[in-house]
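Visitor: I have some questions about this structure before I go back to the bench. Could you take me through it?

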Amino acid sequence: MGADGVTEIGYASTGFIIWGAALVFIMIPGLGLLYSGLSKTKHSLSVLLASMCAMAVVTVQWILFGFSLTFSDTATNGIIGDFTYAGFTNVGGQAVPAITGLIPIITFALYQLQFAAITPAIIFGSVAERFRLLPAMLFVFLWATFVYDPVAYWTWGPRGWARNLACLSAISDTTQTLCLTGSYDFAGGGPVHISSGVAGLAYAIFIGARKNRHEPHKPHNVTLVVLGTSLLWFGWYGFNGGSATASTARASMAAFVTTAAAASAGLSWLFFDYIFTQKLSAVGFCSGAVAGLVGITPASGFVAPWASIVIGALSAIACNVGIRVKERLGYDDTLDAFGLHAIGGLTGNILTGIFAQKWIGLLDATAIPGGWMDGNWIQVGYQLAGSFAIAGWSFVISYLLLFLINLLGSIIPAFKVRADEDEEDLGLDVSHLGETAYFTDAPVVNGKDSTVV
């Protein structure tokens with residue numbers, strides 16, 4: 001221990017979490033490459049840039065007040081943190097055991113920043129090929145403040161209500177000891193995946209379908225899809241393993257079940273699709289792997305390797321079925337952000353309540369009551385309460401934010417949330433960015449590259 005009696009010395013875990021932050025960061029361009037490959041050529045650069053811009057916007061918001069609203073240890077309302085750490089005041093080399101374990105708070109803040117940054121980037125998969133980037137960045141700033149920060153606090157904050165469902169009265173009473181018994185979510189099934197997937201659905205409903213949504217849509221570059229998925233899978237070792245906030249056996253277990261679930265899900269999706277198409281699709285394998293990674297995220301620090309295979313397979317099938325019915329339901333979830341992240345996150349959260357086991361927590365000396373496997377029958381109820389609260393909050397607030405931003409767009413046209421039809425026809429890359437993902441010798445029309453591939 002350090003001189004304060006709680007901060008790690010030797011820095012094994014500190015170094016581990018810094019590298020974990022770097023792994024999660026690489027998921028952001030990985031997501032952008034995945035979305036880019038899945039999009040039409042003329043829109044492929046816009047979704048990649050949106051991912052990187054979301055990261056930049058959230059980084060500024062995180063320093064200003066985002067980290068404090070998400071992880072302050074002095075708030076007692078159970079809903080959202082306060083401004084104790086606003087502007088990174090008092091964010092230095094000391095550990096704050098209630099939120100950081102033994103690592104310095106600056107290390108923890110760096111690591112959690114990557115989660116906050118990638119979450120809103122996921123949303124753009126639902127509205128690819130028709131959203132405007134400028135109002136989208138305003139949406140990211142507001143969404144991080146009013147959706148991500150509160151729901152992450154509910155789930156991970158020391159006095160978050162979802163984390164303390166078994167002792168809600170203790171949240172506001174500082175004389176009582178917090179039970180920290182409630183919804184399990186090791187790495188973000190709710191705050192990251194359900195919140196972003198449902199926000200994507202709200203965004204897609206608000207701005208409407210693509211002009212040519214019923215035309216056959218095929219990824220313009222499957223190689224980018226595989227590359228993006230590979231970077232996501234690679235980064236997910238840090239996403240889930242690092243959520244142990246220490247270099248422990250539990251972190252290793254979380255990383256191991258992550259890759260097992262992804263492998264199981266990729267194969268499950270591949271063979272499930274084969275029933276309908278008699279083809280083994282690379283895009284299908286990648287979609288399945290992402291579904292499995294999403295599904296195992298809340299469970300990763302709670303379940304055994306054998307259970308991760310089941311979670312991966314069930315997550316893949318649930319997401320596959322969810323995506324197949326979207327046409328009947330009438331919404332245009334372009335790249336299936338809702339289908340993969342919201343449905344996958346909800347499936348993973350429920351299965352966490354079933355397969356969580358006490359012995360997994362004890363790998364780093366954390367006592368948990370387990371799930372159905374250990375006879376803790378109420379756990380699935382806790383999982384459902386947290387999941388549906390996050391989904392409801394994200395949808396309502398996301399839709400309201402979009403309404404207000406679009407209202408601003410009636411005064412300042414640049415803030416209209418949806419691209420015009422002619423911009424959609426030309427492609428968002430040329431019409432909004434003035435650039436293309438690939439060099440072409442296409443003729444220039446009215447000062448713009450006329451490529452519409």
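Visitor: Leaving aside its neighbours within four places in sequence, which residues is Thr70 in contact with?
Guide: This is a predicted model, and in it Thr70 is in contact with Trp62, Asp149, Ala152, Tyr153 and Gly157, once the neighbours within four places in sequence are left aside.

Visitor: And where is the place of Thr70?
Guide: Thr70 belongs to helix 2, which is made up of residues 44-71.

Visitor: Is Thr70 buried or exposed?
Guide: Thr70 is buried, and its relative accessible area comes to 0%.

Visitor: Switching to cysteines, how many disulfides does the count come to?
Guide: The count comes to one disulfide, and it is formed by Cys167 and Cys179, whose sulfur atoms lie 2.1 Å apart. That pair falls under the cut-off used here, which asks for sulfur atoms within 2.5 Å.

Visitor: What is the hand of the link between Cys167 and Cys179?
Guide: The link of Cys167 and Cys179 is left-handed, with -90° about the S-S bond.

Visitor: Which parts does the pair tie together?
Guide: Cys167 sits in the loop between helix 5 (133-156) and helix 6 (169-172), while Cys179 sits in the loop between helix 6 and helix 7 (189-207), so the bond ties together parts that are 12 residues apart in sequence.

Visitor: Cys167 and Cys179, then: buried or partly exposed?
Guide: Cys167 counts as buried, at 13% relative accessibility, whereas Cys179 is partly exposed, with a relative accessible area of 30%.

Visitor: What about Cys286, why is there no bond from its sulfur?
Guide: The closest cysteine sulfur to that of Cys286 belongs to Cys319 and is 15 Å away, which is too far for a bond. Seen from the other side, the sulfur of Cys319 has Cys286 as its closest cysteine partner, again at 15 Å and too far for a bond. Cys286 is buried, with a relative accessible area of 4%, and Cys319 is buried as well, with 0%.

Visitor: Back to helix 7, how many residues does it have, and what does it reach from its first C-alpha to its last?
Guide: Helix 7 has 19 residues and reaches 26 Å from its first C-alpha to its last, which is close to the 27 Å expected at 1.5 Å a residue.

Visitor: How many of the residues of helix 7 are buried?
Guide: In helix 7, 18 of the 19 residues are buried, so the helix is largely enclosed by the rest of the structure.

Visitor: And which residue follows helix 7?
Guide: Gly208 follows helix 7, and the phi of Gly208 is positive, near 85°.

Methods
Residues are numbered from 1 along each chain as its sequence is written. This is a predicted model: local features need pLDDT of at least 70, side-chain atom pairs count only at pLDDT 80 or more; totals for chains, interfaces and linings use all residues. Side-chain values use heavy atoms; hydrogens and water are left out. Helices (H or I, at least four residues) and strands (E, at least two) are DSSP runs, numbered from the N terminus. Buried means under 20% relative accessible area, exposed over 50%, partly exposed in between (1.4 Å probe, protein chains only). Contact means heavy atoms within 4.5 Å. The expected span of a helix is 1.5 Å times one less than its number of residues.
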